[in-house]
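Here's a quick tour of a protein fold, written for someone just getting started. Take a look at the sequence and the structure first, then read on.

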Amino acid sequence: MIIKAVRATVLPGILTILFASMYSVCAATAEEKIVDILAGELEREMASLAGEETPPYFLAYSVGDIHSVSASASFGSLTGSRRNDSRVLMVDVRVGDYSLDNSHELRDQFSFRSSGSMYIAQDDNEDALKNAIWLETDNRYREALEHYSKVKTNVAIKIAEEDSSADFSHEITPSVYYEKPLDFDSLMPNISVWEEKIKQYSAIFLENENIYGGSASFSYSVGRKHFVSSEGSRVSQNEGYARITVSGFIKSDDGMELPLYRTYFAFEPSGLPGDDVITADIKELVEKLGALKNAPVAEPYTGPAILSGRAAAVFFHEILGHRVEGHRQKSENEGQTFKKYIGEHILPDHIDIVFDPTLKTYGGTNLMGYYEYDDEGVKARQVDVVKNGVLKNFLMSRSPIENFPNSNGHGRAQAGRSPVSRQSNMIVSSSKPKTEWELREKLIALCREQGREFGYLIEDIQGGFTFTSRTIPNVFNLMPTELYRVYTDGRPDEPVRGVDLIGTPLVMFSMISDAGDRIELFNGICGAESGSVPVAALSPALLVSQVEMQKKSKSQERPPILPRPDADKDI
């Protein structure tokens with residue numbers, strides 16, 4: 001529910017599925033040893049447990065080979081550099097049947113079902129791997145039996161559930177997909193080159209003596225995922241992510257810490273922007289940080305505002321995206337904001353929203369939410385969630401909900417975590433786009449109608465979070481880093497600081513008026529129950545007739561008493 005590492009870029013606005021009978025032909029020439037071991041152990045374990053009083057009806061193994069390098073620097077000096085190689089096994093054992101199994105929620109109790117994960121041998125040692133798989137399967141089977149017993153008791157003594165759909169979906173055909181293995185060592189970049197780059201990037205923050213936090217980091221993770229299940233699915237696919245993050249922060253005289261960020265993403269290091277682009281962006285950050293230090297503090301506010309495409313992308317991710325994740329419509333602990341809104345307007349009729357994990361690039365830029373198959377072995381596909389302002393669909397994993405019995409390829413998880421329905425690439429569009437000038441004119445007109453001296457332009461956002469459960473208010477909180485007053489009398493826009501954008505989803509959606517004509521991109525990492533997964537969101541700017549802002553928390557510490565050591569140097 002938390003978004004990190006924002007990078008905004010202005011952009012201009014079928015794979016064949018092989019069936020199980022064909023897999024062996026492909027595997028005979030291309031399959032790795034690890035998949036043969038996984039498939040063999042799966043067959044052996046299922047056969048061994050078939051004679052138990054409560055045998056498993058489903059068993060799946062997921063293995064993630066992860067190879068990564070990273071480096072960080074601060075004010076021109078290296079602060080860390082490392083390489084990490086690991087292999088993670090996840091075991092999913094289900095007992096009972098598709099309609100009711102050990103994954104069922106325990107009402108009025110803490111209900112957490114671990115699929116089980118452990119680090120395993122990386123060198124394809126057959127004995128070591130088989131023993132690890134066997135032991136983890138045994139542990140998870142015992143755990144499944146215990147949880148299933150609690151489930152049956154819980155169902156028997158509680159009132160009838162609002163949603164009586166099955167616990168696990170029947171998918172029509174097993175998924176079989178194979179990508180050629182990667183040579184991980186050859187893909188690892190020369191880390192010393194990137195160490196020098198980020199040292200140079202972070203040194204630029206020294207240009208302003210009042211900046212007391214200036215850092216840059218580089219990371220590249222490349223991996224291979226394998227998934228095998230007792231239903232016959234066999235999926236082997238690759239993934240890779242390269243990122244550069246730069247950040248600086250300054251402290252105002254009243255103690256408020258003011259950060260600014262830029263993050264760059266590509267599937268490979270060669271796809272990242274050049275030094276000239278990143279250097280120019282950091283110099284712009286330095287200039288903006290200097291202006292923020294002396295910017296006036298905004299007061300709590302309710303009134304019109306424009307969210308830039310960057311800000312709107314995070315806005316939709318937090319407010320809509322998490323609330324259309326399928327499993328949230330079923331859990332008795334969730335607020336289920338939109339469960340009964342299928343077929344009804346939730347947004348203006350000119351707005352469409354789709355989630356499309358099959359889209360690898362947009363306007364020439366890589367999209368972080370791209371994948372071919374999800375983490376339950378289901379083929380990725382486009383999902384039309386909102387059409388002409390009407391809610392049409394939810395993002396589904398293999399956990400069915402009422403009227404949505406099947407997955408649409410959005411069961412996702414961090415390696416070693418249990419998949420749930422999660423977001424991918426979200427694309428917001430408008431059939432009646434307005435130019436930037438038209439949005440500003442409408443903003444000013446709204447302010448005048450409401451008797452306001454100014455409205456707000458939310459240019460950039462650090463990230464945000466939202467709550468979706470029933471036990472606490474279903475609010476959201478977005479954290480602007482660049483915020484401007486737009487005056488009705490023609491004065492230049494004025495940067496301000498010190499407020500967060502807050503609200504509740506249904507009210508906020510009802511206040512959206514118009515959308516811009518330029519699509520902007522957010523690439524980032526989303527954290528939720530199944531861990532951290534990469535996502536992307538694309539959106540035009542939004543005009544909102546009424547937003548609410550509250551004061552943000554701030555440090556009570558004074559700015560540093562001593563000058564920065566290099567303050568007298570000629571940088």
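Let's begin with Pro56, which sits in strand 3. Keep in mind as you go that you're looking at a predicted model.

**Strand 3: Pro56 and His67**

- Is Pro56 buried or exposed? Its relative accessibility is 9%, and buried means under 20%, so Pro56 counts as buried.
- Along the chain, Pro56 and Arg94 are 38 residues apart, yet their C-alpha atoms are separated by 5.4 Å.
- Setting aside residues up to four places away in sequence, Pro56 touches Met46, Leu49, Val93, Arg94, Val95 and Tyr141.
- Two of those partners, Met46 and Leu49, turn up again among the buried residues of helix 2.
- His67 is in strand 3 too, a strand that runs over residues 56–74.
- With a relative accessible area of 10%, His67 is buried.
- Which side chain does His67 pair up with in a polar contact of 2.6 Å? That would be the side chain of Asp85.
- Asp85 also shows up in the contact list of His67, which leaves out neighbours within four places in sequence; the others are Arg83, Asn84, Phe184, Met188, Tyr220, Ser221 and Val222.

**Helix 2 and helix 7**

- Helix 2 covers residues 33–49, and its 17 residues should span 24 Å at 1.5 Å a residue. The C-alpha atoms at its ends are 24 Å apart, so the expected span and the model agree.
- The buried residues of helix 2 are Ile34, Val35, Ile37, Leu38, Ala39, Glu41, Leu42, Glu45, Met46 and Leu49.
- How many of the 11 residues of helix 7 (residues 309–319) are buried? The count is 11 of the 11, so helix 7 is largely enclosed by the rest of the structure.
- Among the buried residues of helix 7 you'll find Arg310, His317 and Glu318, along with Val314, Phe315, Phe316 and Ile319.

**Helix 8: a helix with two sides**

- Helix 8 takes in residues 436–449, which makes 14 residues. From first C-alpha to last, helix 8 reaches 20 Å, close to the 20 Å expected at 1.5 Å a residue.
- Leu439, Leu443, Ile444, Leu446 and Cys447 are buried in helix 8. Why do they end up on the same side of helix 8? Because they cover an arc of only 160 degrees around the axis.
- Flip to the other side of helix 8 and you'll find Trp437, Arg448 and Glu449, which are exposed.
- What do the buried residues of helix 8 pack against? Their partners are strand 10 (301–307), strand 19 (454–466), strand 20 (476–487), strand 23 (512–515) and strand 26 (542–551).
- After helix 8 comes Gly451, and its phi is positive, near 70 degrees.

**Strand 21: Val496**

- Val496 belongs to strand 21, which covers residues 494–496.
- With a relative accessible area of 1%, Val496 is buried.
- Here's a nice example of how folding brings chain segments together: Val496 and Ala295 are 201 residues apart in sequence, but 5.2 Å apart in space, C-alpha to C-alpha.
- Not counting neighbours within four places in sequence, Val496 is in contact with Leu292, Ala295, Pro296, Ala298, Tyr456, Leu483 and Arg485.

**Two loop residues with a positive phi**

- Most residues other than glycine have a negative phi.
- Gln336 is not a glycine, although its phi is positive at about 50 degrees. You'll find Gln336 in the loop between helix 7 and strand 11 (351–355).
- Asn403 isn't a glycine either, and its positive phi is about 75 degrees. The loop that holds Asn403 lies between strand 15 (390–391) and strand 16 (411–412).
- Are these loop residues buried or exposed? Gln336 is buried, with a relative accessible area of 13%, whereas Asn403 counts as exposed at 68% relative accessibility.

**Stepping back: the whole protein**

- In total, the secondary structure comes to 9 helices and 26 strands.
- The radius of gyration is 25 Å, close to the 25 Å that the globule rule gives for 571 residues, so the protein is as compact as a globular protein of that length.
- Taken along the principal axes, the C-alpha atoms fill a box of roughly 80 × 55 × 45 Å.
- Buried residues make up 54% of the 571 residues.
- The accessible surface comes to about 24400 Å², and 51% of that belongs to carbon and sulfur atoms.

Definitions and conventions. Residues are numbered from 1 along each chain as its sequence is written. Side-chain values use heavy atoms; hydrogens and water are left out. Helices (H or I, at least four residues) and strands (E, at least two) are DSSP runs, numbered from the N terminus. The expected span of a helix is 1.5 Å times one less than its number of residues. Buried means under 20% relative accessible area, exposed over 50%, partly exposed in between (1.4 Å probe, protein chains only). The arc is that of the directions from the helix axis to the C-beta atoms. Contact means heavy atoms within 4.5 Å. A polar contact is a pair of N or O atoms within 3.5 Å; within protein, one must be able to donate a hydrogen and the other to accept it, and residues adjacent in sequence count only if both atoms are side-chain atoms. The radius of gyration is taken over C-alpha atoms; the globule rule is 2.2 Å times the number of residues to the power 0.38. Accessible areas come from the Shrake-Rupley method with a 1.4 Å probe; for residues, only the protein chains shown count as cover.
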